[in-house]
Amino acid sequence: MLRFLLALAALVVAPMEIAFAGAAPSHFSAALSRQISSDGPRAVAWRLTLNHNWSRVVSDVATNDPALSSATLRALLDYTPRYEKASMQQALRERLQKDTLAGLAALSPVSHSPYSGRAICGAGEARWKHQLQPALLATHDIVYALQREDCLKALRLHS
């Protein structure tokens, strides 16, 4: 009887572990954050380029991995190689759509940056822009006001 109860408990707990696995931060992003804080973003970007791991970073940015903080991500974005710029911009657009505040936090407040609100929000598809605008208008965080205004101006300008 005890074996039966343990087997039943294992069947109940196993699906819960699978369900929560998607919400857990990836080990890659956690290690990346530690490396950036210890070695600096330039050295980490160089290693990512040598190991061809930028696609993993792009994936974690798009899914808004909590282990990769916005400040850490912004530091790393400055060293993203040119050939990864378009995919990183698309990942930031996906992040904005999934969680507007987290997306704004990852954008650069410098208007001429390739990762600014103007660059990211101005280059999206018309349907995406139409879906994003209400979420941007509903966000009122003073910390990311520059990024929000750049995004809103770009949406209006390129609509």
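1. Let me start with a surface detail. On one side of helix H3, Arg 42, Trp 46 and Leu 50 are exposed. The opposite side of H3 is where its buried residues sit: Val 44, Ala 45 and Leu 48. Viewed down the helix axis, these buried residues fall within an arc of 100 degrees, so they line one face of H3. Please keep in mind throughout that this is a predicted model.

2. What do the buried residues of H3 pack against? Their partners are helix H2 (27–39), H4 and H5. After H3 comes His 52, which has a positive phi, near 55 degrees; you may like to look at that spot in your viewer.

3. A word on confidence. The mean pLDDT of the protein chain is 84, and 83% of the residues reach 70 or more. Residues 4–24 are the stretch to treat with care: pLDDT is below 50 there, and beyond near neighbours in sequence the stretch has 1 contact in the model.

4. Now the overall picture. The protein chain holds 10 helices and 0 strands, so written from the N terminus the order of elements is α-α-α-α-α-α-α-α-α-α. Of the 159 residues, 39% are buried. Taking contacts between residues at least 6 apart in sequence, 69% of them join residues at least 24 apart. The chain exposes about 9,500 Å², with carbon and sulfur atoms supplying 61% of that area.

5. Helix H6 deserves a closer look. It covers residues 85–98, 14 residues in total, and its first and last C-alpha atoms are 20 Å apart, close to the 20 Å expected at 1.5 Å a residue. Its buried residues are Met 88, Gln 89, Ala 91, Leu 92, Arg 93, Arg 95 and Leu 96. A colleague setting up charges may want to note that two arginines, Arg 93 and Arg 95, are in that buried list.

6. Which helices cover the buried residues of H6? The cover includes H4 (54–62), H5 (70–77), H7 (100–106), H8 (117–122), H9 (126–138) and H10 (145–157). One of these, H4, also packs against the buried residues of H3, as does H5.

7. Val 58 shows the meeting of H4 and H6 at the level of single residues. Val 58 belongs to helix H4, and it counts as buried because its relative accessibility is 13%, under the 20% cut-off. Leaving aside neighbours within four places in sequence, Val 58 is in contact with Glu 84, Ser 87, Met 88 and Ala 91. Met 88 and Ala 91 are among the buried residues of H6. Between the C-alpha atoms of Val 58 and Ser 87 the separation is 6.9 Å, although the two residues are 29 places apart along the chain.

8. Finally, the sulfur chemistry. How many disulfides does a search of the whole structure find? The search gives 1, and it joins Cys 121 to Cys 151 with an S to S distance of 1.8 Å. The pair links distant parts of the chain, 30 residues apart, with Cys 121 in helix H8 and Cys 151 in helix H10. The link is right-handed, with 45 degrees about the S-S bond.

9. Are the two cysteines buried or exposed? Cys 121 is buried, at a relative accessible area of 0%, and Cys 151 is likewise buried, at 0%. The helices that carry them, H8 and H10, both appear in the cover of the buried residues of H6.

Conventions:
Residues are numbered from 1 along each chain as its sequence is written. This is a predicted model: local features need pLDDT of at least 70, side-chain atom pairs count only at pLDDT 80 or more; totals for chains, interfaces and linings use all residues. Side-chain values use heavy atoms; hydrogens and water are left out. Helices (H or I, at least four residues) and strands (E, at least two) are DSSP runs, numbered from the N terminus. The expected span of a helix is 1.5 Å times one less than its number of residues. Buried means under 20% relative accessible area, exposed over 50%, partly exposed in between (1.4 Å probe, protein chains only). Contact means heavy atoms within 4.5 Å. pLDDT is the predictor's confidence in each residue, from 0 to 100. The arc is that of the directions from the helix axis to the C-beta atoms. A disulfide is a pair of cysteine sulfur atoms within 2.5 Å. Accessible areas come from the Shrake-Rupley method with a 1.4 Å probe; for residues, only the protein chains shown count as cover.
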